[in-house]
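Me: I am new to this structure and would like to learn how its strands and its chain contact can be read, step by step. Could we begin with a single strand and work outwards from there?

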Amino acid sequence: MAKDLTKAVIEIGGARVSFGAVKALDGVTLAVMPGECIGLVGHNGAGKSTIVNVINGGLTPQEGTVASDGERLDRYSITIARARGVRCVFQELSLSPNLSIVENTRIMHRELGGFGWRGRAAHVIEKSLDQVFPNHGISSSQTVGDLSIAERQMVEIAMAFSDAGIAPRLVILDEPTSSLDASLARQMLDHVRRFVAAGGSVIFISHILHEILETSDRIVVMKDGRVVAERPAAEFDHHSLVEAMGSVAREDALHRSARELAAAPVVIRHQAAGLAFTARQGEIVGLAGLAGHGQTDLLLALHASQSNSWWPRSDSLVTFVAGDRRLNGVFELWSILRNFSIASLGDLSRLSLVGTADEAARGGEWKRRIDIRTPDMDNAILSLSGGNQQKVLFARALATRAPVILMDDPMRGVDVGTKQEVYEIIRQEAAKGRTFIWYSTEMDEVRLCDRVYVFRERVITAELAGDAVTEANIITASFEVAAA
Amino acid sequence: MRLRLSSDAVRLVIPALSLTILLAAVFWLQPRAMSYFGLNLLLNLAVPIALATIAQMFVMAVNDLDLSIGAFVSFVACVTATFLRDAPLVGTLILVSAIGVYALVGVVIHLRNLPSIVVTLGMSFVWAGLAVLMLPAPGGQAPDWVRWLMTAKPPLMPMAIVASIIIAVVAHLIVMRSSLGVLIRGVGGNERSVERAGWSIVAARAAAYGLAGLFAVAAGIALVGLTTSADANIALRYTLLSIAGVILGGGEFTGGRVSPIGAVIGALTLTLAGSFLSFLRISPDWQIGAQGAILIIVLALRLLLNRVEKRGARP
Amino acid sequence: MTPLSRLAGKPWIWSWIAAFVVWFATIMVTGGASTLGLSQAAFTFAAFSIIVGIGQMFVITLGPGNIDLSVPATMTLAGTVALKLMNGDNGMIVPGLLVAVLIGLAVGIGNYALIKALRIPPIIATLSMSFIVQSAAIWTNRGLRIKPPSFLADFTTSSTLGVPNVALVALAISLLAWVLLEKTVYGRWISAIGQSMAAARMAGIPVDGARFVTYLLCAVLASLAGYLLACFSGGAALNMGSEYLLMSIAVVVIGGTAVAGGDSNVPGIWGASLFMFLVVSMLNTYGIGAGVRLIMTGLIIISVIMLAGGRRTGMR
């Protein structure tokens with residue numbers, strides 16, 4: 001690590017990335033100096049993962065520069081990033097579960113080959129494990145699939161800090177402590193400080209704010225694809241950090257008029273760890289919190305509890321609007337019409353023969369109602385833009401008779417115009433007595449809800465109703481503010 | 001502290017146990033089988049099946065399935081009984097290029113992102129056709145060295161057992177100990193992260209298919225050594241048997257979880273199942289059925305064991 | 001769109017064109033003398049592949065990993081047991097048919113029970129099942145070769161208005177299958193499941209129920225084909241189903257059904273089955289042996305999947 005300490009390990013200049021209509025990065029400049037730990041915070045959609053992907057070479061920005069050690073890199077890639085000592089610990093598992101820890105080390109470090117590689121690989125990973133997590137009790141011959149989640153996370157972290165020829169210079173830790181207990185997290189944070197003191201660099205992302213505050217040298221706050229604050233960590237405290245993540249100015253601009261629904265009958269309830277979940281008739285219930293903290297699981301559990309996989313039900317209580325269209329929404333080989341009608345075939349058929357005339361009529365009606373922009377409902381679903389595909393999925397759900405509609409962050413990546421149209425339909429349908437359970441990663445949408453449950457670490461940690469549904473309250477509940 | 005077995009060890013427990021029980025039962029029913037000659041007779045046919053099972057295992061390690069192994073082993077048997085005997089050089093050349101074709105199939109499947117089942121189904125017709133062209137009617141003769149190898153009588157242990165042990169050890173070294181084996185299993189386990197670490201997945205898949213071809217060639221040669229002559233349909237059953245052998249030996253369909261030692265044990269178990277029935281004086285009609293039943297029982301046991309293991313692992 | 005270009009867009013048209021070309025090439029050699037005989041033979045022998053292939057097609061529609069390897073064993077067992085029960089007696093034809101169907105139902109239930117209870121891939125479940133069914137067939141088949149009832153033997157080997165009776169049976173089954181696939185709610189369901197099981201579940205489709213029925217259907221069609229084939233060939237043989245394992249998959253692939261699931265068609269099965277038989281007779285006419293025929297079949301399957309497979313990769 002005898003490189004020049006005044007030149008940035010990685011320097012991103014004016015990076016812009018957009019996915020369709022969504023600006024994921026809107027001119028971000030970030031320099032990581034040797035010997036510093038940067039804390040990166042922001043709520044959903046702030047652009048944290050995008051900037052991480054740019055730094056580790058997985059994503060090339062449409063505009064902007066990448067430089068390293070004062071040298072501009074025009075063709076930056078994962079391979080170049082690795083060769084320059086950039087390592088990344090992702091939230092998703094990057095180890096092969098069927099291989100042992102030693103064998104995974106072999107895969108990760110291509111330079112480890114040759115006779116006797118097992119011994120060398122074991123040495124490399126054990127040394128790193130011993131350094132980061134003293135007394136870890138993990139044997140390097142264990143198969144990764146046999147490890148507990150915490151142990152896997154420990155191996156991932158140790159793998160990132162391990163040195164088999166190319167020393168790590170910048171380690172990106174994306175929520176590394178999410179499955180570690182307090183003492184293991186402590187060990188890891190201590191190691192981060194030691195690594196930084198020895199001249200290494202770390203980018204640290206966490207929803208536990210006190211970890212960020214005490215470990216980082218500098219904190220970068222992102223929002224809507226931009227860096228909105230960048231100061232030494234000492235100049236922040238819990239309160240100012242939460243404040244920097246939100247935008248106080250626009251509060252209540254979009255807020256709907258409060259509705260009194262306490263008297264309406266409860267239509268669905270669910271009890272897991274944490275607060276109980278209930279939804280009332282005609283209510284729009286929001287599920288908020290950082291992405292991936294258990295909101296989708298609740299929706300899936302609600303759906304599973306109300307459906308039967310052996311026998312069709314014509315009076316189903318719930319219907320589902322997918323967020324990940326590719327994964328569990330759209331049927332790619334089908335026409336728009338078939339994609340629309342699949343959930344309400346029971347109503348459209350007689351003696352289990354599909355009434356194609358009824359189907360076409362119903363399709364035409366919904367095409368007008370929510371304005372699906374296509375000349376012909378028989379066109380392929382993939383001929384539509386993402387926003388219009390999403391409208392089809394909405395129409396599919398709304399055309400059923402199910403009184404409860406589950407929405408799994410469906411407006412991700414949809415243009416503003418479409419969003420406004422769909423919001424209006426949701427309001428109308430709710431006024432007619434339908435219940436919406438709406439997981440959203442967008443603050444504006446969450447504030448449209450009558451009542452909001454906030455998730456943290458797979459548990460409902462707060463329930464906000466009426467005027468308490470504010471950005472500040474949601475951010476406070478999403479991040480672990482109190483010291484552990 | 002509770003002793004925690006690794007999942008690899010657990011995976012071997014059931015196959016080893018079922019083989020032991022089956023062997024014990026055979027010995028109990030027919031004590032005379034417990035001899036050098038008896039064991040050789042019982043397990044002789046297991047050698048080519050074990051080799052074919054290892055071949056299938058390589059393909060299954062990269063999450064694919066080979067439906068052409070039976071036809072390919074028949075093809076190799078025909079080459080062995082004709083060209084390899086009459087013109088060793090040409091015969092060797094044919095077998096080497098056949099292995100090359102196997103590797104090529106792996107490349108095509110990967111590059112075009114094709115379902116391996118259908119491509120290998122097509123290949124099975126091709127191999128069967130080539131075999132029929134060579135030997136339209138049963139015939140040919142095993143080369144003398146092959147015959148000698150398969151009928152050799154090593155001291156202490158019969159050839160069938162010696163060969164099984166050698167096959168298991170060699171396959172274990174390749175699959176479980178070498179860098180290449182780690183890479184192949186890594187592709188089965190988490191293809192994306194292997195790719196992210198800078199490896200070529202195409203090369204790994206080609207290697208897996210090539211090794212499968214190599215072991216299948218060995219299976220064909222060994223088979224001819226036992227039967228002395230060949231025909232084009234001689235090993236068609238091997239496709240299903242090899243899949244069953246891998247599964248019996250603790251391998252799984254996806255995720256790169258395979259066990260070469262288990263695969264050999266699986267092949268031995270399948271072979272013994274038939275003899276066991278005949279000792280029980282149950283009609284040999286049920287031999288195939290017994291193989292199916294053993295497969296189902298072992299899979300059920302494994303499910304049970306996994307459940308118990310999961311419950312134990314939970315704090 | 002003109003009718004012609006619409007036709008060219010159908011995935012099944014290629015198997016029909018191929019079948020027609022081969023048919024024509026064969027007649028040319030014989031100078032048209034055997035036109036009627038060749039066509040009748042083609043429809044007769046294709047009928048069995050069609051019945052089995054339709055069942056396999058429904059299973060393959062369910063998506064990647066779904067395949068029924070127990071087809072040949074089911075055919076053999078159904079044919080053997082039915083013949084044994086009928087024992088050449090014309091009065092027992094209906095009970096024989098019922099028994100064949102019952103065997104199909106039992107195998108189908110067994111297949112799906114294994115898939116669900118042991119949580120194993122369909123390929124392994126149907127493989128283990130086929131071992132057991134095959135054994136049962138060997139066991140029941142011992143002894144003398146029993147002749148089919150004379151009425152059935154006549155029926156399966158003769159024609160009505162020039163069309164072989166077995167082809168008429170296959171046509172009736174195909175029409176039913178077509179209605180099932182294209183017009184009913186069930187057809188929509190299995191197509192949806194084949195495209196995305198997760199999406200199908202979230203759309204409220206009873207995924208397990210639909211898959212179960214599909215495996216039942218495949219096994220029943222296989223047993224029906226076994227029943228007819230045993231009567232047609234004058235008795236049940238132990239290896240009578242064996243060629244239908246690969247054949248049933250091959251006709252589905254060549255017929256233009258998407259191997260990745262979700263998109264199937266009935267006409268393609270007809271084109272592919274006719275083609276598979278006609279290739280054999282063409283090569284026989286030209287004096288080319290079985291070896292070349294097999295190699296060509298294999299290469300055709302591989303080229304079809306390469307042409308069709310390339311289309312879908314971009315969509316995933």
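Reply: Let us begin with strand β7(A), which is mostly covered, since four of its five residues are buried. Please keep in mind that this is a predicted model.

Me: Which strand is joined to β7(A) by four bridges, and do the two run parallel or antiparallel?

Reply: Strand β6 (residues 86-89) of chain A is joined to β7(A) by four bridges, and the two run parallel. To place one of these pairings by eye, look for A:V86, whose bridge partner in β7(A) is A:L170.

Me: Which strand is joined to β7(A) by five bridges?

Reply: That is β8(A), which runs parallel to β7 (residues 170-174) of chain A; here A:I172 has A:I203 as its bridge partner. Between these two strands the chain passes through helix α6 (residues 182-197) of chain A, and this β-α-β crossover is right-handed.

Me: Which strand is joined to β8(A) by four bridges?

Reply: Strand β3 (residues 37-41) of chain A is joined to β8(A) by four bridges, again in a parallel arrangement, and A:G39 is the residue that stands opposite A:F204 in β8(A).

Me: How should I read the directions in which the side chains of a strand point?

Reply: The general idea is that in a regular strand the side chains alternate between the two faces of the sheet. In β8(A), A:S201, A:I203 and A:I205 point one way, while A:V202 and A:F204 point the other way, and all are buried.

Me: Why is β8(A) described as largely enclosed by the rest of the structure?

Reply: The strand, residues 201-205 of chain A, has five of its five residues buried, so it is largely enclosed by the rest of the structure.

Me: How many residues does each chain bring to the contact between chain A and chain B?

Reply: Chain A brings 20 residues and chain B brings 19 residues. On the side of chain A that touches chain B, the elements giving two or more residues are α2 (78-83) and α3 (101-108) of chain A, and α3(A) gives the most, with four residues. By character, the residues on that side of chain A divide into seven nonpolar, eight polar and five charged.

Methods:
Residues numbered from 1 in each chain as written. Chains lettered and ligands numbered in written order. Predicted model: local features only at pLDDT ≥ 70, side-chain atom pairs only at ≥ 80, totals over all residues. Contact = placed C-beta atoms within 7 Å. Nonpolar A, V, L, I, M, F, W, Y, C, P; charged D, E, K, R; others polar. Buried ≥ 20, exposed ≤ 12 C-beta atoms within 10 Å, placed from the backbone. Pairing = 2+ DSSP bridges. Right-handed = clockwise from strand over helix to strand, strands pointing away.
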